[in-house]
Amino acid sequence: MKFSQIFSIFSLFVVLFLTFHCSKKTEYIPLTEPHSLILYTNADFEIINLEDKKTAIKKFSNYRGVIEVEGLHRFIPQKDNDKELYYFQIKCLSEWNCPEGKAILARGSFLMNPKFSYGENPSYGSNGYFILQSSVKSAVETLNFLTQTDAEVPTSGFNREVFKDWVKTKEITGEDDFVNLYYLFETWKNKTFDPELQKVLKKTHKSLKYLSEQTDPSEIESFIANHPIDSEILNESKIQSAYQNFINRNLDTFFHIERSNKEIANEFEKYLEVPYLQELAFQKIMESGEFVFDPLPPSEVVPNAETITLTKKNWTLSIKKPRQVQLRFGFVPNSEWNIKRIQAVPNDEFLSFKIIADNGNEFHVKTKQLPKVFDGAEKMKEFSATLPKKATEIIDQFASSSAKEAGVYLALKFGKGGYDPNKNLYEYTIDDQTIIHYYFKNNKIIKADKSEISGDLSYSIGDSYSTYNFDSWYQKYNKEKKEYTVFLNYTRSECGCDCFESKSVDNQCWTAGEMIKIRFPGYAILNKDFSNARVEFENPKDVLCNEPLNE
């Protein structure tokens, strides 16, 4: 589990627990228009007595529903380090037995932005959405569809504000969700169901399984017309770019890994379930290699096939959506074939493919030599040769701006390991204690020379409700064994009605004999994209130890 996920879960419970001990003064802010809080995922929370603002009335577990909000309580800062926090005043359901039918709950438990100004966005968080009551129906339908696999496509249309806020909060972690939406939006724009997209949509939402099974075009058009989606949403640029990044990353990984011919064929077949990915990959292979027919097609289909070498000049594959994949040979005039399937045939000696047309024709082709598009692995070797020969020089040159980038380069030069075909990642370990020690002490968060054995830090992660402040690092040296151990201290700041701090000290990150682990996708180096690279200590006492190596 990533630290961001651990932090998100932990901070939710911290906020809820701390609401019992309120000593701050409050200011009530009534809402000029009726609002509701939509809890669209299974949420755990408590509602608190409105009178004393500290006594719990009821605990909820896995709650989903809509709660009417009357106003907000601003907890007024009393000290210089106090934080300005806001809480909802809600109208309770009768079975909750709230005094006078009202209670409060922490806004920060549900929404990302702890401060509030009337009408401010985003009002969207990991569990809830704060919105005008007049928009609740479309908001609930939109949120359910975006977050639940069993939800129906909104009948009242996607709520534009909800959608925009959802996209904003998903920009970093939501690529898979964005790509699935891309396939849905393409269906709506084309007003027909592409059999390629059917592979994905029938898996992502149960409500779309019905649509994927329809063969009558009028049924499909009717369904789309009864579930309208605004054109601005259909053409959301972040959805479009996420799809393009997804395709590019898969192709880069495919071409940048050093594999045997048989391994390339096996990897190609894995792409069958991703719409158009095989066809796009084959286009690039065609354009960069030379092929011959083997076995030969019938002479009435391709005359003199035994004399032909296929290059990008005399054969093309065009892709149009919904599915129209067409093959043309420049030496067979006025002919084209609609292609149903491109299949890689495993072979140790060469790349071999079977191209199957709708009319039953099959074209078997094999490469004369490995196409140039597969030179990514060779380029990685060439790049590795240009890196500094000393580990300290790599760290000094790269770690101050990107510790992950430096970690990847250290792995290439000094690591043990390589490509893992099951994970589709490069995985390395480094066990040289001198390299690890210097790397820990010199990166974007920690900067220290050889003589330093400790230092103060000024770095934090979190939000206004729960923050982790990195205070200091230090090392211990065993003179007899000539071994280092390094530690990290941090302070956790938690705010409910009041703010509390707890210090975490002596968190051992690494000691001699332990290694660091580095993993990264094949495209990371050539594309200078280290977002999915990761460097970790082997056995840290606390996951925060890895932060200096991944900032």
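# Helix packing and two residue environments in a predicted model

Within helix α14, the buried residues are Ala403, Lys404, Glu405, Ala406, Gly407, Val408, Tyr409, Leu410, Ala411 and Leu412. The helix is thus described as mostly covered, with 10 of its 12 residues buried. The model discussed here is a predicted one. Helix α14 covers residues 403-414, and its end C-alpha atoms lie 16 Å apart; this agrees with the 16 Å that 12 residues should span at 1.5 Å a residue.

## The chain as a whole

The protein chain contains 17 helices and 19 strands. Of its 551 residues, 51% are buried. Among contacts in the chain with a separation of 6 or more, 58% join residues that are 24 or more positions apart.

## Two helix pairs

The geometry of two packed pairs is set out below.

| Helix pair | Angle between axes | Distance between axes |
|---|---|---|
| α2 (residues 136-147) and α3 (residues 160-169) | about 30 degrees | 9 Å |
| α9 (residues 237-255) and α11 | roughly 50 degrees | within 11 Å |

Helices α2 and α3 are roughly parallel to each other, because angles under 35 degrees are classed in that way. Their crossing is right-handed. On the α2 side the contact is made by Ala139, Thr142, Leu143, Leu146 and Thr147, and on the α3 side by Val162, Phe163 and Trp166. By class, these residues comprise 6 nonpolar and 2 polar, with no charged residue.

Helices α9 and α11, by their angle, are oblique to each other. The crossing of α9 and α11 is right-handed. From α9, the residues Ile247, Asn250, Leu251, Phe254 and Phe255 meet Leu277, Leu280, Ala281, Lys284 and Ile285 of α11. The contact of α9 with α11 holds 8 nonpolar residues, 1 polar residue and 1 charged residue.

Helix α11 itself comprises the 12 residues 277-288. From its first C-alpha to its last, α11 reaches 17 Å, close to the 16 Å expected at 1.5 Å a residue. Its buried residues are Leu277, Gln278, Glu279, Ala281, Phe282, Gln283, Ile285 and Met286. Leu277, Ala281 and Ile285 therefore appear both among the buried residues of α11 and in its contact with α9, a buried residue being one under 20% relative accessible area.

## Surroundings of Leu50 and Gln475

Leu50 is located in the loop that connects β1 (26-48) with β2 (56-75). Leaving aside residues up to four places away in sequence, Leu50 touches His73, Gln89, Lys102, Ala103 and Ile104. One of these partners, His73, is 23 residues from Leu50 in sequence, and the two C-alpha atoms are 9.9 Å apart in space.

Gln475 belongs to strand β15, which covers residues 466-478. With a relative accessible area of 10%, Gln475 is buried, because that class takes in values under 20%. Not counting residues up to four places away in sequence, Gln475 touches His437, Lys441, Glu452, Ile453, Tyr484, Thr485 and Val486. Gln475 and Gln508 are 33 residues apart along the chain, and their C-alpha atoms are separated by 9.3 Å.

How values were computed:
Residues numbered from 1 in each chain as written. Predicted model: local features only at pLDDT ≥ 70, side-chain atom pairs only at ≥ 80, totals over all residues. Heavy atoms only, no water. Helix = DSSP H or I, 4+ residues; strand = E, 2+ residues; numbered from the N terminus. Expected span 1.5 Å × (residues − 1). Buried < 20%, exposed > 50% of the residue type's maximum accessible area, 1.4 Å probe, protein only. Axes fitted to C-alpha atoms, helices over the stretch in contact; angles between N-to-C directions. Parallel < 35°, antiparallel > 145°, perpendicular 65-115°, else oblique. Left-handed = near helix turned anticlockwise from the far one by under 90°. Contact = heavy atoms within 4.5 Å. Nonpolar A, V, L, I, M, F, W, Y, C, P; charged D, E, K, R; others polar.
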